[in-house]
Amino acid sequence: MRCDSRRIINTKNKPPSSCGLARVHLAFQLSLLTLCFAGRAATYYVSPSGQDTNSGSSAAAPWRTINRVNSQILSAGAQVLFQGGATFSGTVFLGSPEGGAATNPIVFSSYGSQRATINGGNTNAFYAYNCAGVVISNLNFIGSGRTTNLNSGIEFYNDGGGVARMLEFVRISDVDVSGFGFVGIVIGGWSGTNAYRDVRLTYADLGQVNQGVIERCLAWTNGWIGDASVGIWTYDSTGVTIQFCESHHNRTAGTHDGGGFDLDGGVTKSVMQYNYSHDNDGAGYGIYEYVGAPPWSNNIVRFNISQNDGRKNSYSGVQFWNGASGIHDLEIYNNTIFISPATNGTAQAVYFQTTVSNIHLRNNLFVTTGGTRLVDAANSQPGVLFQANDYWSSGGAFSIKWSTKTYATLAAWRTGSSQEQIGTTNTGLSVDPMLVAAGGGGTAGDADLLGSLGAYQLQPYSPLREAGLNLAALFGLNTGSRDYYGNAVPNGLAQDVGAHDAVLTVALTEPGVDAGYFSANYLRNSPTRADLYYAAELSTDFSSWCTNCAMPVQTNNLGDGTELVRVRDAAQAIGSARKFLRLKVIKVP
Ligand SMILES: [Ca+2]
């Protein structure tokens, strides 16, 4: 165990004490190991009226403290039940070799008619180190307050103890977590090879905490037997972030779901970002409100990539379905969705199965092949705004179905739906995004490698570079600190379209003196764009620059997909005076 190597996720405030706790606990466990009959599942009861010398095996002879729980090696299938209505102080600790499995998990819950409360004070209330196969349900977790407790309420952390190890199956449901200064619930690993798969967070109410986090998780090949499984998802939760996860090849044996990621019924104030979903039966990113769910609102889906999701039952890259009180207030921006025809059903990049409201899709890249539909919307969706997205059908027929009509061009859809406009200004593109290798993303298999997914980067001369809207300036959105690949947002002159935010590339090709006039030629391997213009600046000392020296800048669309930019000094060079030229590319706001 290397305590010094842990924690990308909260190095800033995780005290070494919990590492010490891990060591002490493990040492204690190992000393007990020979005394215990491993593998025999049991139910343990904990009550303020109990005694730690009791057997703990019945409500009539309960243990009293969390310390007693921590001193017990819990085998797969064990249940630890705290008396409802009572409060227990300390950190419930679970450490390797403790752990269960999906079919035989270790369960922590309450008994009696109310929930028990675990009071973590100034540290974690629940900490699982290098173990999984755990269910936590029907419990409250409180800390001393977000200004005094610098830890997380429930934390699962896997560093493998120096060995690459994927841990499986975590279920957290019906919990109320509050009073922790870092995060409410965090499930993560030291690296992608030390991560978790098959994680589900449901009915989590996170108060007085920054957020719940599911990150650096890999979920794949789930759902082969049942119906309606999704790789990584949350429902009826608030303040959850799902990030840096890969979810792929999840299946459904029935007609529902089998998707990659999902913000499901009743989710609020939550974010899905920096994820990679691919080759799932269901939607890459599902936006669902199941029948009877509480209101769904105020969520964000950004800087994610989907490749060939919707392999079955006519699912899609991004999908909306409302079966209850509606889907409201969602910002979907800078995602890249690539989708080819499915052999089962009709896939599409974006699919609105039902009417939604106040949903904005901006700066997204939708790429299809083989005539796969770009957008399919039941009803006319007056509560949806598409702005500044690129729709590229890769040589196949362009197809957007909007209510009862089908459109074959972006312009026709714009006219027919009033989408892709800001006021009277047209937005949106239907151009080749010049992705490095669309469809070639493959499987990362390691959360550390998700940033190396070069297939969905924009080539140097992609027309989508600097072609996005400034979402902060125009709409007051906080777009976060980075794109999918870790670049600042905006990177360069402006936000780009899609999950990659890059800079514009202009290459100096011919500096020289032309009839006494200093000149320079620049080549940009992209056609002339009306939204970009150039300003030349002149200096004699490379320090102060004349920005108003009236130097002519001439742009020539060479007609072969390239543009030549020619700058010439306004005055003839005199004698041997040094002169420097530089060229600025400026984007029309
Ligand atoms: Ca940019």
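User: How many bridges pair strand 40 with strand 41?
Analyst: First, this is a predicted model: local features need pLDDT of at least 70, side-chain atom pairs count only at pLDDT 80 or more, and totals for chains, interfaces and linings use all residues. Residues are numbered from 1 along each chain as its sequence is written. Helices (H or I, at least four residues) and strands (E, at least two) are DSSP runs numbered from the N terminus, and two strands pair if DSSP finds at least two bridges between them. N556 sits opposite L564 of strand 41, and for strand 40 and strand 41 (residues 563-568), paired in the antiparallel sense, the number of bridges is five.

User: What does the twist average in that four-strand sheet?
Analyst: The sheet is open, ordered 37-38-41-40, with antiparallel pairing. Strand 37 (507-514) and strand 40 (553-557) each have a single partner strand, so they stand at the edges with one side lacking a neighbour in the sheet. Taking axes as lines fitted to C-alpha atoms (for helices, over the stretch in contact), with angles from 0 to 180 degrees between N-to-C directions, the average twist from one strand to the next is 20 degrees.

User: Is G561 buried or exposed?
Analyst: G561 is in the loop between strand 40 and strand 41. A residue is buried with 20 or more other C-beta atoms (placed from the backbone) within 10 Å of its own, exposed with 12 or fewer, and partly exposed in between. G561 has 12 such atoms within 10 Å, so it counts as exposed.

User: Leaving out residues up to four places away in sequence, which ones does G561 touch?
Analyst: A contact needs C-beta atoms, placed from the backbone, within 7 Å. G561 and S526 are 35 residues apart along the chain, yet their C-alpha atoms are separated by 5.1 Å. With residues up to four places away set aside, G561 touches N525, S526 and P527.

User: Which strands do the buried residues of helix 3 pack against?
Analyst: Helix 3 (residues 410-417) has L410, W413 and S417 buried. They span an arc of only 65 degrees around the axis (taken from the directions from the helix axis to the C-beta atoms), so they sit on the same side of helix 3. That buried set packs against strand 32 (390-392), strand 33 (400-402) and strand 34 (405-407).

User: Which strand gives the most to the largest nonpolar core?
Analyst: A nonpolar core is a set of buried Ala, Val, Leu, Ile, Met, Phe, Trp, Tyr and Cys residues joined through C-beta atoms within 7 Å. The largest one has 122 residues, and V46, F126, F141, V170 and I214 have the most contacts inside it. With six residues, the top contributor is strand 10 (residues 167-178).

User: Which residues make up the uncovered face of strand 6?
Analyst: Strand 6 (residues 116-121) runs parallel to strand 3 (residues 87-89), joined by three bridges, and it pairs in the parallel sense with strand 8 (residues 134-143) over five. Its covered face holds A116, I118 and G120, while the uncovered one holds T117, N119 and G121.

User: How many contacts does the stretch 1-40 have beyond near neighbours in sequence?
Analyst: The protein chain averages a pLDDT (the predictor's confidence in each residue, from 0 to 100) of 83, and 85% of the residues score at least 70. Over residues 1-40 the pLDDT is below 50, and the model's contacts for this stretch beyond near neighbours number 42.

Key. Contact = placed C-beta atoms within 7 Å.
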